[in-house]
Amino acid sequence: MSPDQSNIIRVTCAPGLEPYLEQEMGSLGHAIEAKQETAVEITGTLADAMKLNLYLRTANHVLFLLSEFPCLTPEDLYRHVSFVEWEKLLSPDGYVSVVAGGDSRAINNWVFVSQKVKDAIVDRIAEVAGRRPNAGPEKHAFVVNCYWVKDHCWLYLNTSGQKLSDRGYRRVPHKAPMRETLAAGVVMATGYDGTQPLVNPMCGSGTLAIEAGLIAAGRPPGLLRSNFGFMHVLGFDDAAWQAMRREAHKAKGDKGAGPVRPIIATDMDDRAIRAAEQNAKTAGVDHLIEFKQCDFADTPIPSDPGVVLLNPEYGQRLGEIGELENTYARIGDFFKQNCPGWTGFIFTGNPALAKKVGLRVSRRIPFFNGPIECRLLKYELYTGTREKYAKEA
Ligand SMILES: C[S@@+](CC[C@H](N)C(=O)[O-])C[C@H]1O[C@@H](n2cnc3c(N)ncnc32)[C@H](O)[C@@H]1O
């Protein structure tokens, strides 16, 4: 495929992350052409797709449109997929994986659809090259996505391969870790840009603090990954990719030259702190984060105000709720007593528990953590008397 060939690029994300993805794509200079639930579309080249893979913090996959066609039956699908010049994209010694999904009355088995697409690809290459590529479920090489909605089909080259949320830094997980892309969206929603301090009590495996560190350092998350789907496309321009990486490193250096504001991450669990420290090291931002094992209420708060962000557990089992009610009430006290002048945020999936904080919420920002509807609750922690807080609550 020619690197200058333009087509639709569809970038997917988890539900609720669309506004942040759109903001990111806009700030990379792209004109947004369409917005849908869990996707944003632009027009661009394969080089644009590579760059998006490098820079985007909230995206799941960057998909480059190869073909679209009317499709009523599996036979239509096979025929149209065979029209694509796969031999110019994939080596007969390569490995292909197909992901199929959508909404069509003709289909009740998406595995069958992915097999049909895979057959069309490998049959065409076998016909031209005399050998067929391997195929299977692994997403580490050449990945094709097929969406079949009603009577229309879209065929994409998945230039990311594995999900972009798999940054590769969270080698030591702790309980209930947030997806990296969700954590990035949550940090973006707080308005944090690295120019103010950020405090993250209850940091767990450190995802929020690490994503904040990556933002503060101006470090694109794609620099952490060594494998993307586009690298397995025939004619992959490694020199162009290395130049993009060098450019990204340079941008990182520019931002890093400014004054460094502290990021403080604490957790009462010693294992969480050790995991978070190790993960931050792998992400290359450990020098930006101060870790401490302590109860959240003992977290040191710098004198310059900034963002204080907590992701407490929200309790799946009944027995936990009583204890968590107390924790949420204590978070309210911590905000009032220790964080005047700061902007407080609580990420939770349990609105009943959130009420126990007892402070006025100035904004409720919707998110999803997997299937759970969550809110990022914002609290303006004005400097003032405790009586004023009590009145507001
Ligand atoms: C939902 S997890 C945070 C997950 C984190 N956002 C991540 O991505 O890994 C909540 C964390 O709060 C910590 N925690 C619970 N109660 C605490 C307390 N009283 N003081 C400090 N940390 C506490 C737990 O040890 C756990 O690591």
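1. Asp269 is buried in this predicted model. Its relative accessibility is 13%, and the cut-off for buried is under 20%. The acid is paired: Asp269 forms a salt bridge with Arg271, with 3.0 Å between the closest N and O atoms.

2. Arg271 sits on the other side of the cut-offs. Its relative accessible area is 53%, so it counts as exposed, the threshold being over 50%. This salt bridge therefore joins an exposed Arg271 to a buried Asp269.

3. Asp93 and Arg131 also pair through their side chains. The salt bridge spans 2.9 Å, N to O. What does the pair tie together? Asp93 lies in the loop between helix H3 (74-83) and strand E5 (95-103). Arg131 lies in the loop between helix H4 (110-129) and strand E6 (134-135). The contact therefore links parts that are 38 residues apart in sequence.

4. Is Asp93 buried or exposed? Asp93 is exposed, at 60% relative accessibility. Its partner Arg131 is partly exposed, at 42%.

5. Lys118 and Asp119 form another salt bridge, and their closest N and O atoms are 3.0 Å apart. Lys118 is partly exposed, with a relative accessible area of 24%. Asp119 is partly exposed too, with 29%.

6. How many salt bridges does a search of the whole structure find? The count is 19. Among them are Asp93 with Arg131, Lys118 with Asp119 and Arg271 with Asp269. As background, oppositely charged side chains can pair when their charged atoms come close.

Note on methods:
Residues are numbered from 1 along each chain as its sequence is written. This is a predicted model: local features need pLDDT of at least 70, side-chain atom pairs count only at pLDDT 80 or more; totals for chains, interfaces and linings use all residues. Side-chain values use heavy atoms; hydrogens and water are left out. A salt bridge is a side-chain nitrogen of Lys or Arg within 4 Å of a carboxyl oxygen of Asp or Glu. Helices (H or I, at least four residues) and strands (E, at least two) are DSSP runs, numbered from the N terminus. Buried means under 20% relative accessible area, exposed over 50%, partly exposed in between (1.4 Å probe, protein chains only).
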